[in-house]
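Could you walk me through this model, one selection at a time? I have it open in my viewer and would like to know where to click next and what I will find there.

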Amino acid sequence: MPRRRQALLLPGRNYSVQGPLLMYTHVALQSRGAHTYPIQWRNVDRLAADGQAMVEGVCEQTEVVLDRVHNDDPPLLVGKSLGTAAAVLAAHHGLPAVWFTPLLQDYAIVQALRRATAPFLLIGGTADPAWNQALARELPGEVCEIRGADHGMFLRGRPLVDSAHALADVIEAVEAFIDTAVWPRHG
């Protein structure tokens with residue numbers, strides 16, 4: 001019986017699954033036959049109150065969905081900012097992941113990324129205060145870094161088309177990661 005491809009989409013605090021990073025990833029996943037589970041955070045302001053509440057709350061809410069979908073083929077986690085707190089679950093369960101603008105200043109998230117056994121992709125911009133270029137490159141995952149991009153992956157002060165090109169570069173990296181590290185294409 002073929003394995004079922006599944007992915008959980010974990011939004012940011014002010015970045016829904018309709019945001020371009022998650023929306024294009026969602027389309028890429030569906031085009032590869034994956035069933036996607038978008039999460040909508042409950043009590044998002046409480047989740048963002050402090051680091052411990054964030055990690056515990058995001059993991060708790062993600063675990064509820066994970067319990068429903070986890071089978072013999074580990075689902076892919078795709079998180080943006082706040083959603084990257086689920087790196088703790090990814091490390092614990094050995095799940096592959098794509099982390100958009102990960103909160104690399106959070107100790108629990110960084111430690112989870114260090115412990116990860118499944119492949120993951122970190123995507124960040126050099127103008128994002130949550131990004132740490134040196135740390136990202138020390139971690140065991142793959143890195144896609146956009147020069148000058150902020151936390152929303154926009155290149156502020158530049159023509160909008162530059163941000164669109166950056167989005168294209170990010171989505172190209174996501175698709176390559178999915179096709180090589182998560183669900184390799186054969187033949």
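Start by selecting Asn 43, which sits in the loop between strand 2 and helix 2. Helices here are DSSP runs of H or I with at least four residues, strands are DSSP runs of E with at least two, and both are numbered from the N terminus. Asn 43 has a phi near 50 degrees, a positive value in a residue other than glycine. Most residues other than glycine have a negative phi.

Before you move on, a word on what you are looking at: this is a predicted model, in which local features need pLDDT of at least 70 and side-chain atom pairs count only at pLDDT 80 or more, while totals for chains, interfaces and linings use all residues. Residues are numbered from 1 along each chain as its sequence is written, and side-chain values use heavy atoms, leaving out hydrogens and water.

**Next stop: a second positive phi**

Select Met 153, in the loop between strand 6 and helix 7. The phi of Met 153 is near 65 degrees, again a positive value in a residue other than glycine. Is Met 153 buried or exposed? Met 153 is buried, with a relative accessible area of 7%. (Buried means under 20% relative accessible area, exposed over 50%, and partly exposed in between, using a 1.4 Å probe and protein chains only.)

Stay in that loop between strand 6 and helix 7 and pick Arg 147. At 67% relative accessibility, Arg 147 counts as exposed. Leaving aside residues up to four places away in sequence, Arg 147 touches Thr 126, Leu 155 and Arg 158; contact means heavy atoms within 4.5 Å. Now add Ala 127: its C-alpha atom is separated from that of Arg 147 by 7.4 Å, with their positions 20 residues apart along the chain.

**On to the tryptophan**

Trp 131 is in the loop between strand 5 and helix 6 (133-138). With 8% relative accessibility, Trp 131 counts as buried. Show its neighbours, not counting residues up to four places away in sequence, and you will find among them Pro 102, Leu 104, Leu 122, Ile 123, Val 143 and Cys 144. For a long view, draw a distance from Trp 131 to Pro 159: 28 residues apart along the chain, their C-alpha atoms are separated by 23 Å.

**Helix 3**

Select residues 51-69, which form helix 3. What span should its 19 residues have? At 1.5 Å a residue, the expected span is 27 Å, and the end C-alpha atoms are 27 Å apart, which agrees. (The expected span is 1.5 Å times one less than the number of residues.) Look along the helix for a bend of about 25 degrees at Glu 63, taken as the angle between axes fitted to the seven residues ending there and the seven starting there.

Colour the buried residues of helix 3, including Ala 53, Met 54, Val 58, Cys 59, Val 65 and Leu 66. Their cover includes strand 1 (6-10), strand 2 (35-38), helix 2 (44-47), helix 4 (87-93) and helix 5 (107-115). Gly 57 also lies in helix 3, and at 7% relative accessibility Gly 57 counts as buried.

One of those covering helices is helix 4, where you can pick Ala 90. Ala 90 is buried, with a relative accessible area of 6%. Beyond residues up to four places away in sequence, Ala 90 touches Leu 77, Leu 95 and Trp 99.

**Last stop: helix 7 and its partner**

Finish with helix 7 (residues 160-182) and helix 1 (residues 20-31), whose axes come within 10 Å and cross at roughly 35 degrees. Axes are lines fitted to C-alpha atoms, for helices over the stretch in contact, and angles run from 0 to 180 degrees between N-to-C directions. Show side chains here: Tyr 24, Ala 28 and Leu 29 are among the helix 1 residues that meet helix 7, whose side of the contact includes Leu 167, Val 170 and Ile 171.

The buried residues of helix 7 pack against helix 1, strand 3 (76-80), strand 4 (97-100), strand 5 (120-125) and strand 6 (142-146). End on Asp 179 in helix 7, which counts as buried at 19% relative accessibility. Asp 179 touches Arg 32, Pro 184 and Arg 185, not counting residues up to four places away in sequence.
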